[in-house]
Amino acid sequence: SMKLAVGATSIPRAVVAEAGGSFGLWLPNPAWAPRDEQPAGQVALVCEAHGASVALSRLAHLEPGLSLDSAADAVANWFSLLHPELRLGERQSIAVRERSAVRLLAQGRRARVAWRATIDVIPQRDRFVVLVCCAPSAAWDELAPDFAFLLRSIELEAQALAPRLQGPLAESSGKGKDGAAAKAPAKAPVAATPTPAAAAPVAEKSARDVTVRIPD
């Protein structure tokens, strides 16, 4: 009935994952929309109302096992080249999903409009991802709760984005922990029933007086 009333056949997705499904972002509210057709290793959101944007990218060009400080330095150089109009300032130590991370703050002017940005460098397995939130300074206070939500709810594990059924749910669906169809437990072999020796003839009795012979 609701579909007929509003003419909708689906609702917008609430979480946007990168193409490989290894990380993703939850949309803070309907004002944010994902940018489709992003390459593997990238997720992007946009808020048209304020001209704000969010980008989450895997830093695939960094060597595995690099220290957090070195990764933050590399990101600072990369951001300065990509956004020369924004000047990097303070660097902060933060925690993201119980992981030590580094936040870089940037501000500047674009076409005479003041802008601000936060650049969060976050470990993911043996590599790093970077979350960039960028918006006009005039809208920053209004969007700050959205940016905080994005950082608080960021998904860094594939299991969180596409959880496998486990326990009773997996058993009821006929699948095991690895998603494969659960096999029926093997039945214990049943010993062959010995064939009883031929019984001596028994006199015919009525249907009510039936004797059941149990072999020894």
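In this predicted model, strand S5 gives the most to the lining of the largest pocket, contributing five residues. The pocket itself has a volume of about 280 Å³, and among the 19 residues that line it, those closest to its centre are Val54, Ala55, Leu82, His83 and Val132. Besides strand S5 (52-58), strand S4 (42-47), helix H2 (68-82) and strand S9 (127-136) each supply at least two residues of the lining. Sorted by class, the lining of the largest pocket consists of twelve nonpolar, five polar and two charged residues.

To place these elements, it helps to step back to the whole chain. The chain has five helices and nine strands, and read from the N terminus its elements follow the order α-β-β-β-β-β-α-β-β-β-β-α-α-α. Of its 216 residues, 30% count as buried, and the accessible surface of the chain comes to about 14,600 Å², with 56% of that area belonging to carbon and sulfur atoms. Among the contacts in the chain with a separation of 6 or more, 46% are accounted for by residues 24 or more positions apart.

Seven of the strands form an open sheet, in which the order is S3-S4-S5-S9-S8-S7-S6 and the pairing is antiparallel. Its edge strands are S3 (33-34) and S6 (86-96), each of which pairs on one side only. The strands S4, S5 and S9, which each give at least two residues to the pocket lining, follow one another in the order of this sheet.

On the other side of S9 in that order comes S8, a strand that is mostly covered, since nine of its twelve residues are buried, that is, under 20% relative accessible area. Strand S8 (residues 113-124) is joined to strand S7 (residues 99-110) by nine bridges, and the two run antiparallel; within this pairing, Arg110 stands opposite Val113 in S8. The hairpin of S7 and S8 has two residues between the strands, and in it Ala111 takes a positive phi near 50°. With S9, strand S8 pairs in the antiparallel sense over ten bridges, and here Ala117 stands opposite Cys134 in S9. S8 and S9 likewise form a hairpin with two residues between them, and Arg125 in the turn has a positive phi of about 55°.

What backbone feature marks Arg125, although it is not a glycine? Arg125 has a positive phi of about 55°, and the residue lies in the loop between S8 and S9. With a relative accessibility of 65%, which is over the 50% cut-off, Arg125 counts as exposed. A further arginine, Arg97, has a positive phi of about 50°, again although it is not a glycine. Arg97 is found in the loop between S6 and S7, and because its relative accessibility is 41%, a value between the cut-offs of 20% and 50%, Arg97 counts as partly exposed.

The strands themselves offer two residues that can be followed in detail. In a regular strand the side chains alternate between the two faces of the sheet. Thr118 is found in strand S8; is this residue buried or exposed? Thr118 is buried, because its relative accessible area of 7% falls under the 20% cut-off. Leaving aside its neighbours within four places in sequence, Thr118 is in contact with Arg103, Leu104, Leu105, Leu131, Val132, Cys133 and Trp140. Of these partners, Val132 is also one of the residues closest to the centre of the largest pocket, so that the contacts of the buried Thr118 lead the reader back to the lining described at the outset.

The second residue, Leu86, lies in strand S6, which is one of the edge strands of the sheet. Leu86 is nevertheless buried, with a relative accessible area of 3%. Beyond its neighbours within four places in sequence, Leu86 is in contact with Phe79, Ala106, Gln107, Gly108, Arg110, Trp115, Ala117 and Cys134. Ala117 and Cys134, both included among these contacts, are the residues that stand opposite each other where S8 meets S9, while Arg110, also a contact of Leu86, is the residue that stands opposite Val113 in S8. The C-alpha atoms of Leu86 and Ala114 are separated by 9.5 Å, although the two residues are 28 residues apart along the chain.

Terms used: Residues numbered from 1 in each chain as written. Predicted model: local features only at pLDDT ≥ 70, side-chain atom pairs only at ≥ 80, totals over all residues. Heavy atoms only, no water. Helix = DSSP H or I, 4+ residues; strand = E, 2+ residues; numbered from the N terminus. Buried < 20%, exposed > 50% of the residue type's maximum accessible area, 1.4 Å probe, protein only. Contact = heavy atoms within 4.5 Å. Areas by Shrake-Rupley, 256 points an atom, 1.4 Å probe, with all protein chains shown as cover. 1 Å grid on protein atoms, 1.4 Å probe; cavity = no way out; pocket = protein on both sides within 12 Å on 5 of 7 lines; lining within 4 Å. Points joined across faces, edges and corners; volume = space filled by probe spheres on them. Nonpolar A, V, L, I, M, F, W, Y, C, P; charged D, E, K, R; others polar. Pairing = 2+ DSSP bridges.
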